Amino acid sequence: MCSTRPGALGPVVGQWLVETLTPRAAGLGVELVPVAIGDLNLPFLDEEEHPASGSYRHEHTLRWSETVDAADGFIAITPEYNYGMPATLKNALDYLSREWAWKPFGFVSYGHTSAGTRAVQHAKQVVTTLRLVPLGATVAIRIGAAMQDGRLRPDAAHHAAGVGLLEELVRVAHALRPMRERAHVGSSPGPLPGSYARRLTADDAGQVTVLQRCCWVDEALANDTMDIPALHESPEQVREWLTSWHATGLWRDGRLLGMVRSRRVDTDWHVGRLAVAPDLRGQGLGRWLLRTAEAAADPDCRRMVLFTGARSQRNIDLYHSEGYRQVSLASPDGTTCLAKPAA
């Protein structure tokens, strides 16, 4: 909510929007977080460093940065002041840079003759410079016809427009996710052009499940068994182990290309679930992921340990080339253990 003028209608419009969108948000798996610019206590931009530097010294900037960084998209509820957006909205946008990039930005405007639409056109010129993506769907409310007893009167067209705005926001937010992740502090460049690596979370369980079932078919054929956990785990089971392992995913354009997981067991660093999409094998991605997992080991770990099918010769050859040696014969479950000293 952008207006800070005492008695402004922004809170009324904001309350209507939250009430309108909450049922649909639940169905889309979306969390709505109302924010009033007036509650942020942002003075006119008072940071010495350029926002692009990400170097902030004021507590109000740090709080605002954290709020924007955590969001996947935005809806601005804005009036129109003299054919433009409120200075409060422009100021809030100017405070930050990286935090805005590659996120959708929708508008609910309100006013009299133009229903606030000129403020939206003004704001779109600014948000695109910040690499925000303005939506085509909008909600425009003519206050004179819309207000009744201090609230917005029920209006089927406004309701449909609000829900449509949220649905478009969510679709665009999902489409832009790869762009956001590539630029995120927690990601790093991958070995293929345009690829990036980041830690996998429980939210990635669906993609991990699909990748596992694609990749472990060859393992099943080589070892003549279907008794391989990666082939049978449900997304819920994958979600569970994603919370307890340090798992890294390699991504490009929203597709999970490969993954590996690792964790400490006593003084050993266990590496597992090394997988590369079948159509991308032979390009060094498995070796890159293996080394990434090893680099995450605790400094005082003594060994790198992994398991593979006893008849998975392609895997064993890769591990031998990386310095691993077999430390056991095939176990009853058909796997063999390989290890090497930690660097």
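## Reading helices, cysteines and buried residues

Analyst: Welcome! This is a predicted model. A good place to start is helix H4 (residues 87-94), whose buried residues are covered by elements that include helix H2 (37-40), helix H3 (59-70), strand S1 (74-79), strand S2 (104-111) and helix H5 (117-129).

User: Which residues of helix H4 are buried?

Analyst: They are Leu-89, Asn-91, Ala-92 and Leu-93.

User: Now for helix packing. At what angle do H1 and H7 pack, and how far apart are their axes?

Analyst: Begin with the angle and the distance between the axes. Helix H1 (residues 10-28) and helix H7 (residues 156-183) pack at about 45°, and their axes are 10 Å apart. The two helices are therefore oblique to each other.

User: Is the crossing of H1 and H7 left-handed or right-handed?

Analyst: The crossing of H1 and H7 is right-handed.

User: Which residues in H1 and H7 meet?

Analyst: From H1 come Trp-16, Thr-20, Leu-21, Arg-24, Ala-25 and Leu-28, and from H7 come His-158, His-159, Gly-162, Val-163, Leu-166, Glu-167 and Val-170. Sorted by character, the residues of this contact are seven nonpolar, four polar and two charged.

User: Gly-164 also catches my eye. Where does Gly-164 lie?

Analyst: Gly-164 lies in helix H7. With 26% relative accessibility, Gly-164 counts as partly exposed. For a sense of distance, its C-alpha atom is separated by 22 Å from that of Glu-80, and the two residues are 84 apart along the chain.

User: Let's turn to cysteines. How many disulfides are there?

Analyst: The general idea comes first: a disulfide is a covalent bond between the sulfur atoms of two cysteines. To count one here, two cysteine sulfur atoms must be within 2.5 Å. By this rule, the count is zero. Take Cys-215, which is in no disulfide: the nearest cysteine sulfur belongs to Cys-214 and is 6.2 Å away.

User: Why does Cys-301 have no bond to the closest cysteine sulfur?

Analyst: The closest cysteine sulfur, in Cys-337, is 14 Å from the sulfur of Cys-301, which is too far for a bond.

User: Are Cys-215 and Cys-301 buried or exposed?

Analyst: The cut-off for buried is under 20% relative accessible area. Cys-215 counts as buried because its relative accessibility is 8%. Cys-301 counts as buried too, at 5%.

User: One last residue: where is Thr-248 found, and what is Thr-248 in contact with?

Analyst: Thr-248 is found in strand S8 (residues 246-252). At 9% relative accessibility, Thr-248 counts as buried. Leaving aside neighbours within four places in sequence, the contacts of Thr-248 include Ala-197, Arg-198, Arg-199, Leu-200, Gly-258 and Met-259, along with Val-260, Leu-289 and Thr-292.

Definitions and conventions: Residues are numbered from 1 along each chain as its sequence is written. This is a predicted model: local features need pLDDT of at least 70, side-chain atom pairs count only at pLDDT 80 or more; totals for chains, interfaces and linings use all residues. Side-chain values use heavy atoms; hydrogens and water are left out. Axes are lines fitted to C-alpha atoms, for helices over the stretch in contact, and angles run from 0 to 180 degrees between N-to-C directions. Helices (H or I, at least four residues) and strands (E, at least two) are DSSP runs, numbered from the N terminus. Angles under 35 degrees count as roughly parallel, over 145 as roughly antiparallel, 65 to 115 as roughly perpendicular and the rest as oblique. A crossing is left-handed if the near helix is turned anticlockwise from the far one by less than a right angle, and right-handed if clockwise. Contact means heavy atoms within 4.5 Å. Ala, Val, Leu, Ile, Met, Phe, Trp, Tyr, Cys and Pro count as nonpolar, Asp, Glu, Lys and Arg as charged, and the others, Gly among them, as polar. Buried means under 20% relative accessible area, exposed over 50%, partly exposed in between (1.4 Å probe, protein chains only).
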